[in-house]
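Work through the exercises below with the sequence and the model open. Each task is followed by its solution in steps.

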Amino acid sequence: MQTERPFVLSMAGYDPSGGAGLLADIKTMEQLQVQGLGICTAMTLQTESQCLSLKWQPLADILSATDVLMKNYKVEAVKIGVVKDTEFLGQITERIRSINPAVKIVWDPVLKSTSAFSFFDLNTVSELKNVLEKIDLITPNYNEYTILKENGPFEKSEPLCSVLVKGGHREDQLGTDILLANGKEVSIQPSNEKSVYYPKHGSGCVLSSAITSYLAKGQSLENACRKSKLYIEKFLTSNPGLLGFHS
């Protein structure tokens with residue numbers, strides 16, 4: 001078994017356009033020189049501009065694959081993408097923790113696609129509290145963070161886990177990310193305000209998998225978020241279309 005690169009597991013949806021989900025995660029991981037492993041949580045039919053259908057993979061199959069991969073490879077960090085509901089997420093994180101209590105877990109809470117296709121069952125958001133305590137970081141965009149706050153999975157005083165609120169949907173300070181961790185609020189500004197950033201399909205997937213990769217390489221949470229912002233900026237400036245380039 002190779003030991004040159006840390007193993008990172010992506011648990012995400014299959015997007016045939018390659019712009020988001022599992023394929024985008026693996027592209028990102030390869031660029032950042034970690035060994036990417038993948039488990040499919042859902043099969044979708046989509047392009048970079050529309051999602052046409054979604055079929056959830058059986059939870060039992062996902063848990064079985066988790067057992068096989070995590071017991072055969074020393075997985076340092078796990079990125080979780082699109083999941084059906086809180087129970088789905090809870091069972092996945094519980095299985096991960098039962099195999100490796102020290103592994104880093106990042107959840108990108110994909111509630112809706114950019115084309116307004118609904119993924120996560122919002123009726124179960126209020127049940128997230130116990131699950132978030134088992135997760136190291138979540139990476140909601142500004143709109144998703146608002147939904148999560150309004151539906152009560154966070155304590156009023158402090159989040160249940162670290163949170164990176166992505167700034168791509170903000171009306172003020174566009175592009176500024178806010179990291180809430182260890183009782184502190186850290187602002188992560190764009191590296192170059194003069195750069196032209198183009199909207200990209202799957203940008204949230206790319207950012208969260210980059211953060212997971214850097215965590216697997218031993219970076220601190222703040223450094224992982226800062227380095228990943230540089231990666232996503234390069235991705236967003238790569239071309240004017242909705243499908244970004246990774247190199």
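Buried means under 20% relative accessible area, exposed over 50% and partly exposed in between, with a 1.4 Å probe and protein chains only. The model is predicted, so local features need pLDDT of at least 70 and side-chain atom pairs count only at pLDDT 80 or more, while totals for chains, interfaces and linings use all residues. Residues are numbered from 1 along each chain as its sequence is written, and side-chain values use heavy atoms, with hydrogens and water left out.

**Exercise 1. Positive phi**

Task: Find where Gln33 lies and class Gln33 as buried, partly exposed or exposed. Then do the same for Asn182.

Solution. Step 1: Most residues other than glycine have a negative phi. Step 2: Gln33 is not a glycine, yet has a positive phi of about 60 degrees. It sits in the loop between H1 and strand E2 (35-46); helices (H or I, at least four residues) and strands (E, at least two) are DSSP runs, numbered from the N terminus. Step 3: The relative accessible area of Gln33 is 46%, so Gln33 is partly exposed. Step 4: Asn182, also not a glycine, has a positive phi of about 55 degrees and belongs to the loop between E8 and E9. Its relative accessible area is 75%, so Asn182 is exposed.

**Exercise 2. The span of a helix**

Task: Compare the expected span of helix H7 with the distance between its end C-alpha atoms, and list what its buried residues pack against.

Solution. Step 1: The expected span is 1.5 Å times one less than the number of residues. Step 2: H7 (residues 221-236) has 16 residues and should span 22 Å; its end C-alpha atoms are 22 Å apart, so the two agree. Step 3: The buried residues of H7 are Ala224, Cys225, Ser228, Lys229, Tyr231, Ile232, Glu233, Phe235 and Leu236. Step 4: They pack against helices H1 (21-31) and H6 (203-216), and against strands E6 (137-138), E7 (162-165), E8 (177-181) and E9 (184-188); contact means heavy atoms within 4.5 Å.

**Exercise 3. Two helix pairs**

Task: Class the orientation of H2 to H3 and of H1 to H6.

Solution. Step 1: Axes are lines fitted to C-alpha atoms, for helices over the stretch in contact, and angles run from 0 to 180 degrees between N-to-C directions. Angles under 35 degrees count as roughly parallel, over 145 as roughly antiparallel, 65 to 115 as roughly perpendicular and the rest as oblique. Step 2: H2 (residues 59-72) and H3 (residues 86-99) pack at about 20 degrees, with axes 10 Å apart, and are therefore roughly parallel. Step 3: The contact of H2 with H3 has 8 nonpolar, 2 polar and 3 charged residues; Ala, Val, Leu, Ile, Met, Phe, Trp, Tyr, Cys and Pro count as nonpolar, Asp, Glu, Lys and Arg as charged, and the others, Gly among them, as polar. Step 4: The axes of H1 and H6 come within 9 Å and cross at roughly 45 degrees, so this pair is oblique. Step 5: Gly21, Ala24, Asp25, Thr28 and Met29 in H1 meet Cys205, Val206, Ser209, Ala210 and Ser213 in H6.

**Exercise 4. A strand residue**

Task: Is Ala77 buried or exposed, and which residues does Ala77 contact beyond four places in sequence?

Solution. Step 1: Ala77 is in strand E4 (residues 75-80). Step 2: With a relative accessible area of 0%, Ala77 is buried. Step 3: Outside its neighbours within four places, Ala77 is in contact with Phe7, Val8, Leu9, Val103, Lys104, Thr212 and Ala216.
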